[in-house]
Amino acid sequence: MTSDEQLILDFQRGSQAAFAELFDRYRQPVFGFFRRRLRDAARAEELAQETFLVVLRGIERYEPRATFRTYLYSIAFKQASGEYRRAKHDPVPISTEPVAAAQQDSCDALWVRRALEKLDEQHREVLLLREYEQLSYDEIAELLKIPVNTVRSRLFRARMELKSLLIPEVSEIKKVSL
Amino acid sequence: MTAETHPVEREQLMAYLDGELAANEAARVAAHLQECAECQRLEADLRSVSAQMLSWNVEPAPAQINDSVLAALHASPSQQTAKEPWNLFRFLFQRRIRIARWGLAAACVGVAAIILVKVFVPSTTDEFQRLQLESKVYRAPDQKAAVNSAPEVTGSGEPRREKLKVEPSLLMPAPATPAPPPPPEQLSMRSGAVAKLSQMAKKRADDFASADQILLQPNAPMIARTASLKISAKDFQSARAGVDRIITSFHGFAASMTINNAVGEPQSLNAELHFPAAECNAALAALKALGRVEQEQQGGEEVTAQVVDIDARLKNARETETRLQDILKTRTGKVSDVLEVENQIAETRQKIEQMEGEQKALHNRITFSAITLDLHEEYQASLETNAPSAGRRIRNAIVDGFRSAAESSIALLVFLLNAVPSLLLATVVLFWPARWAWRKLQRASAGNTAIA
């Protein structure tokens, strides 16, 4: 399988198929990135689209200094940060649609979402990048412009906090279901 | 669990589970995990959290993303460059446009700079032409006539005021040059004293060939004389003619002369006159005879030390130059040495010329005394009423109104010509940031609406 970096270089040289391949690989992850951070599905779609358009427009300036994945998520992260700033009057940027609209989610998913909402914003961001975007510690550090040790400590605290938030909830749900 | 009681930190264990440890470190943590029940519980917790998080799946990405991104991909210049020469041209052309934007901005800055320079800094060419013209005027053959001729009358609506600036070095007459005889009609002086004194001065002028030879004798004190006279005359015109005659008779010249013939005011003449030092007293006496002396002041500055000093320095510099030239002729050496000697000769020559200029200026101050003359007419009350008629005043008001309107229009045009390049430049500079900010603002409002 051709690496992301090779594909983006091929696209710089004019290969349309290379970008199509990259788009195919990252379409769903990038949409998921925004979908997990925003309430509005349509807005998440717009921002995912805008992220790929930014990659397209800036292809001439792309330099293979970091992995393509880091590059792509750094663009997405900037888009999301901008969206947070615009919606700063809203204290919870995480997707919190009404339960009725999210009935398709499993109970576990619903409790995970609610638990994540309660996390500290910085801890939550590191956790989301690790668990859902599958970024390495180094990639998260580069993207958030923080030291790797900070990433590790934040991630650990986030997981421990989430565990304490999830366990009673899950047990409670199980009690209710019983 | 602390580092003291436990060989593996909890964060380290988490990094191991995430595959973030180096191989040797990972092996150590794995070995420890086999034996430590506490770490096994932590492992189970961490895996449980990750597993629960993975239960949150998002819906599939909408197809609209595909459409819009792929449409943009088809329109992107990057993938077109490899296909057709025409597309390659378009790609390059689009890049050119970006470069052209910067070029346009740079051109605007350049144009604005040129306009500003043109508006605020006078053209060096014009200045050069003006200097050339002045030089031609000063070097006119009849230089004395330029001083003695009747001054030109400026605009009829303003007081008649004139100023003749004469460069002393160019107008300095030779002491032995006989003065042209004054016209008989100008001899109508207040008394015959001026004519008599002029004859005396002429006689005395024959006694010396050059003022320099007398004044610059060794051991004689060298004085740069100055004097100022304020004289009121009853008949201004005859007094003014007398000034011209005195200048001619005593071999002097006027460095500057201003005559005021304004209507309703007493006529006056202000001049800075220079006379040979030997004839200064006679000239002063002649000038005093033009009318009633209201104020007189005389002064003298001894410049012997300065003259001696500059003469000595000049002599030394000339000797140094001669020695250096001898060295250059007789000695041989490296090219660098020769060049150094030549440089020194050039420097010495420059100093000599500078000192010669100073010496000449100093000698001029000694040989020619400066007299500042303030000649004015005694006040005479006039019964004439020169007030213009009502019709004339209305006509003048109309003309002035049109003139001021025209001047205002020109001033407005000049202001626009000055300001428009700057405004254009500011527009070019601020257009893109403003456009970006406006779009961002619009997007923000749209986003807020969508989120709300």
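A residue counts as buried here if 20 or more other C-beta atoms lie within 10 Å of its own. Keep that in mind for what follows. One caution as well: this is a predicted model.

Let's start with helix H12 of chain B, residues 236–249. Which of its residues are buried? They are B:Phe236, B:Ala239, B:Arg240, B:Ala241, B:Gly242, B:Val243, B:Arg245, B:Ile246, B:Ile247 and B:Ser249. That is 10 of 14, so the helix is mostly covered by that cut-off. Now its length. From first C-alpha to last, H12(B) reaches 20 Å. The expected value, at 1.5 Å a residue, is also put at 20 Å, and the two are close. Just past the end of H12(B) comes B:His251, with a positive phi of about 60 degrees.

Step back to the whole chain. Chain B carries 16 helices and six strands. It has 452 residues, and 19% of them count as buried. Look at contacts in chain B with a separation of 6 or more: 80% of them come from residues 24 or more positions apart.

Now the strands. Is strand E5 of chain B, residues 292–302, covered or in the open? Of its 11 residues, the number buried is zero, so E5(B) lies largely in the open. Its partner is strand E2, residues 223–233 of chain B. The two run antiparallel, joined by 10 bridges. For one position to look at, B:Thr226 stands opposite B:Gly299 in E5(B).

Next, a helix pair. H1(B) and helix H2 of chain B, residues 23–35, have axes that come within 10 Å. They cross at roughly 110 degrees. That makes H1(B) roughly perpendicular to H2(B). Who meets whom? From H1(B) we have B:Gln12, B:Leu13 and B:Tyr16. From H2(B) we have B:Ala26, B:Val29 and B:Ala30. By class, the residues of this contact are five nonpolar, one polar and no charged.

Last, the contact between the chains. How many residues does each chain give? Chain B gives 34 and chain A gives 47. On the chain B side, the elements giving two or more residues are helices H1 (10–17), H3 (37–53), H4 (63–75), H5 (77–80) and H16 (390–451). By class, that side of chain B has 18 nonpolar, 12 polar and four charged residues.

So H1(B) comes up twice: it crosses H2(B), and it is among the helices on the side that touches chain A. That's the tour.

Conventions:
Residues are numbered from 1 along each chain as its sequence is written. Chains are lettered from A and ligands numbered from 1 in the order in which they are written. This is a predicted model: local features need pLDDT of at least 70, side-chain atom pairs count only at pLDDT 80 or more; totals for chains, interfaces and linings use all residues. Helices (H or I, at least four residues) and strands (E, at least two) are DSSP runs, numbered from the N terminus. A residue is buried if 20 or more other C-beta atoms lie within 10 Å of its own, exposed if 12 or fewer, and partly exposed in between; C-beta atoms are placed from the backbone. Two residues are in contact if their C-beta atoms, placed from the backbone, lie within 7 Å. The expected span of a helix is 1.5 Å times one less than its number of residues. Ala, Val, Leu, Ile, Met, Phe, Trp, Tyr, Cys and Pro count as nonpolar, Asp, Glu, Lys and Arg as charged, and the others, Gly among them, as polar. Two strands pair if DSSP finds at least two bridges between them. Axes are lines fitted to C-alpha atoms, for helices over the stretch in contact, and angles run from 0 to 180 degrees between N-to-C directions. Angles under 35 degrees count as roughly parallel, over 145 as roughly antiparallel, 65 to 115 as roughly perpendicular and the rest as oblique.
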